[in-house]
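Here are my notes on the ligand site and the pockets, in the order I would read them. Please have a look at the model alongside.

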Amino acid sequence: MKGIILIGFMGAGKTTVGKLLSEKTGMEHIDFDDKIVEEIGMTIQEYFDLHGEEAFRERETDVLKRYLDHNQVVSTGGGIVMRAENRNLLKQMAPVIYLQTKPEVFIPRLKQDHTTVRPLVVSKSPDEIKQVFEPRIPFYEESASLIVDTDNRTPEEIVNEILKNI
Ligand code: S3P
C-alpha cells in the first residue's frame, strides 16, 4: 500500500487518526510537526517567535519534499496547504485525506489541548480562529483526493472510512 497523508485544520484529529491508521495498516507513522520540532531543537512557538511563520513554512516544504515517496502514514501540520508549492507537492502524493471538521468541534478541542502551544490560535477568540480557518477551506479541498467528515465520529469510524475508500 502507498502512504496516506492526512491534512486538515488544527484540532481535526490528524495525529490521533494517523496513529490509528498506522496500527491498522502496519505502516510507520510520521508527524511533520514532531519531525520539525526534532530538527529545529525548540518548540514551534519558540521558532515562530525567533524566525517567524514564513521560516516555519520553509521547514514544512522541506520535510514534505523529503517524504514525498515514503510509504508512511503522515500527519501534516494544519497550515501545510498555505503554500501553493506545498499544494502542488501534495497533489503528487497519494492519497491525501482531508479530515473535515467544523469550528464548533475543533475550537473547544484546541482550547482543551494543553500538550502543545499553537502560535496561530493561542490567545485568540473563537471568531479569530474561524478567520484563520475559513480562507484555508478551498486549499484543503483542492489538495485532497478524499474528504472525510469527522464530526460526531470516532477515530475508529474515520479510519474505517479512509481504508474503505482509498
Ligand atoms: C499550524 C498547525 C500546527 C503547527 C503550527 C501551525 C497551522 O499543527 O504546524 O502551529 O498553521 O495550522 P497541527 O495542525 O498539528 O496543530
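The points below go from the ligand outwards to the pockets.

1. A word on the basis: this is a predicted model, with local features needing pLDDT of at least 70, side-chain atom pairs counting only at pLDDT 80 or more, and totals for chains, interfaces and linings using all residues. Residues are numbered from 1 along each chain as its sequence is written, and side-chain values use heavy atoms, leaving out hydrogens and water.

2. The ligand is surrounded by 13 residues, each with a heavy atom within 4 Å of it. Lys 14, Asp 33, Arg 57, Arg 118 and Arg 136 are the closest. By class, this shell holds 5 nonpolar, 3 polar and 5 charged residues; Asp, Glu, Lys and Arg count as charged, Ala, Val, Leu, Ile, Met, Phe, Trp, Tyr, Cys and Pro as nonpolar, and the others, Gly among them, as polar.

3. Oxygen atoms of the ligand are met from both side chain and backbone. A polar side-chain atom of Lys 14 lies 2.7 Å from a ligand oxygen, and a side-chain N or O atom of Arg 136 is also 2.7 Å from one. Gly 78 uses a backbone N or O atom, at 2.8 Å from a ligand oxygen.

4. The largest pocket has a volume of about 890 Å³. Its lining counts 39 residues, with Thr 15, Asp 33, Asp 113, Thr 116 and Arg 118 closest to the centre. Helix 1 (14-25) gives the largest share, 5 residues.

Conventions: Polar contact = N/O pair within 3.5 Å; in protein donor to acceptor, adjacent residues only side chain to side chain. 1 Å grid on protein atoms, 1.4 Å probe; cavity = no way out; pocket = protein on both sides within 12 Å on 5 of 7 lines; lining within 4 Å. Points joined across faces, edges and corners; volume = space filled by probe spheres on them. Helix = DSSP H or I, 4+ residues; strand = E, 2+ residues; numbered from the N terminus.
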